[in-house]
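This report concerns a protein model with two DNA strands. Please consult the sequence and the structure shown below.

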Amino acid sequence: MPGARVARVIVDTPLPQLDRLFDYAIPERLLDEAAPGVRVTVPLRTAGRLATGYIVDLADHAEFDGTLSKIESVVSAARVLTPEIADLARRVADRSAGSASDVLRLAIPPRMVRVEKAWLAAEHDAEPPQVAPVVARGYRDDAPGRAVDESRRIALDAVPRQARLHAGTWVGAWAVTLAELAARCVASGRSAIIAVPDYRDLDQLQATLGDLLPDDLVARMDAAQPNQDRYRAFLRCLEPAPRVIIGNRSAVYAPAHRLGMIAIWDDSDPLHGEPLAPYAHARDVALVRAEQSGCALVLAGHTRSVEAQRLVEVGWLTSVSPDPAIVPRVVVTAAQADDGTSSRVPGGAWRAAKEGLASGPVLVQVARPGYAPVLACARCGQAARCERCDGPLGLGSAGAAPSCRWCGAIAAHWSCSDCRATTVRLVTRGSARTAEELGRAFPGVRVVVSDGERRVTAVDGRPALIVATRGAEPVAEGGYRAVLLLDGDRMLARESLSVGDDCLRWWSNAAALAALGSPVVLVGVAGPLAHALATWKQPEYAAAQLADRRTLRFPPAVRVATLTGTPKAVTDAVSSLSAGTFIDVLGPTPVESVRGPKQASVASDAVRAIVRFEYAHGAAVAAALRSAIIRSATKARRPRGDRGYRPPPTLRVRFDDPEIS
DNA sequence: AGCACGCCGACT
DNA sequence: GTCGGCGTGCTC
């Protein structure tokens, strides 16, 4: 808008009451630079106090009646906030009773001046790249490809196999499928976003894309990479040409030129949940963004999340499965009675491993890292706990001193809090101890351990035992010749509503790493879960779970909002909800001081209430809670004297907290 | 947050 | 009479 004199600015502040657009006059000297999307500094309330923000729009006239302040400065010419992302941030914030500026902090990486200057100086060709269209293999009639071409929304069951790249490395077939769909977008001049849970998946996806596309068309947005690299990748997404944007959960906020597809791999992995306010899950952001931009949406996995299954059942997603169906050869075996001395590997699993080792690598999935994750008093059996923080003590390696799994403190002079004995007994096996035992059971066989600390992402095709904690399984050249799922019973022992879903996901992801026809041995688990894995019908399991949650009125059959804060603020927020917009309210109840590695930052008298409501009332509930947050933020204020100490907010709202579902 | 405005007790 | 305490309100 040439000649515009007014800029509408979103101010970067955590204060909920400032979460709206402010009109500012554009001074003469900044008329050329003040463009939509640029970073600016503006005075707020009084001169001398400057805030940063982004211009989201230009206008001829202000909507504000009073006299306008002037924009202080334009930080740079880079237009980092595109109209699409500004709109997305608003929608996501509205849906979760949060601030758009909180969302923008996730969407726009910290500015790196040198990187930005280099990018602004460079030429960006708008020439569409020449990429040959590809077909997604493993599905009948190219169903996933056509869905992307027609901008439809699908729940995609991945092909449970491995594939070899040109360079000789091996990746999961899921990465090939998603890369093919992304390449197809680029071939038609559109961009694609693929969000994956962690760096292992990201590495596989990036390598796979390297086979299909020139490297400079792929932007990797990785939370672990240095800020410069992150900002450089972000700026490349802004260029007016199709890109394939891959990254972890925050990639769903990346700007994209003509977005054709947004895909989430393994959408029930907890890493897709955002721990920062307003806590929007990558899946939900993808849903909002697909709606907003009209692009294709792909929720892919070896398991079907209960949330995706709900969307299938309400007709919002279409289910697409591999055709012909590929079913890993799953064998279910009873657990060996564990007397602490004999090998923990039952006969059937042992034979499968033995046979597999004749031709290549064998995967052994265990529940926990370390040597002995749980210790107990040798005399009375009481669990051994840290003297400092009361966390559980464990052994990191065979000869190590006991240490706390929460705070890391070494317990050099431990004595039992009950009977004062000073020797401990090992009560569980971690990956290192399992590896040690397997090394004895299979003399002469190479043993590799992969867990959160020792990151092994790939192994070659030579015989070896690969002991991996769940989620840390490397990809094997040619696929594993056998997969042993050893700790099924232990994994199932966790107390959580989603423990079944989680276990099925861990097992299915490991099973998909097996070579075609090689045995996958599930030890010590029976019932519907074992059946779902053996028949490879994860969507049916998800459908049954969803039916259960419907009768219980648990998420995701309904939505929930968790309100935490002072009793007054929580009560006020609850009573501000109009009747008919919610089902019921649980609580408020006092928040028990959480005994755990992470202490929640809430006031000592904090209470919590949980509001359940139908999806149809989401907007109304979010709007009401949003005003309650603003009310509590502006009303309740602390006395002026105590600077420095920052009390927790009087009211915090979190929608669809995965912890309680 | 941070700063202004505004309405009641002890001071030259 | 008025200096300054901090409750309340607003930020273009």
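The text treats the surfaces around the DNA, one loop residue, and a sheet with its helices.

The model is predicted: local features need pLDDT of at least 70, side-chain atom pairs count only at pLDDT 80 or more, and totals for chains, interfaces and linings use all residues. Residues are numbered from 1 along each chain as its sequence is written, while chains are lettered from A and ligands numbered from 1 in the order in which they are written.

**DNA surfaces**

A residue is near a strand if its C-beta atom, placed from the backbone, lies within 6 Å of it. Around DNA strand B, these residues are Leu15, Gln17, Arg45, Thr46 and Arg49. DNA strand C has 13 such residues, of which Asp23, Arg45, Phe64, Leu68 and Ser69 come nearest. The table gives the classes, with Ala, Val, Leu, Ile, Met, Phe, Trp, Tyr, Cys and Pro counted as nonpolar, Asp, Glu, Lys and Arg as charged, and the others, Gly among them, as polar.

| Surface | Nonpolar | Polar | Charged |
|---|---|---|---|
| DNA strand B | one residue | two residues | two residues |
| DNA strand C | seven residues | three residues | three residues |

Strands and helices here are DSSP runs (E, at least two residues; H or I, at least four), numbered from the N terminus. Near DNA strand C, β2 (21–25) and β3 (38–44) each supply at least two residues, and β2 gives the largest share, three residues.

**Alanine 35**

The loop between β2 and β3 holds alanine 35. This residue counts as partly exposed because it has 15 C-beta neighbours inside 10 Å (buried means 20 or more other C-beta atoms within 10 Å, exposed 12 or fewer, partly exposed in between, with C-beta atoms placed from the backbone). Beyond its neighbours within four places in sequence, alanine 35 is in contact with Ile55 and Arg79, contact meaning C-beta atoms, placed from the backbone, within 7 Å.

**The sheet**

An open sheet of six strands follows the order β15-β26-β25-β16-β23-β21, with parallel pairing; two strands pair if DSSP finds at least two bridges between them. β15 (329–333) and β21 (447–450) stand at the edges with a single partner strand each, so one side of each lacks a neighbour in the sheet. Three bridges join β25 (residues 482–485) to β26 (residues 519–523), and leucine 485 has leucine 522 as its bridge partner in β26.

Helix α10 (residues 347–357) packs on the sheet, touching β15, β16 (361–366), β25 and β26, and its direction makes about 150° with that of β25. Helix α14 (residues 528–535) lies across β15 and β26, at about 155° to β15. Axes are lines fitted to C-alpha atoms, for helices over the stretch in contact, and angles run from 0 to 180 degrees between N-to-C directions.

Note on methods:
Two residues are in contact if their C-beta atoms, placed from the backbone, lie within 7 Å.
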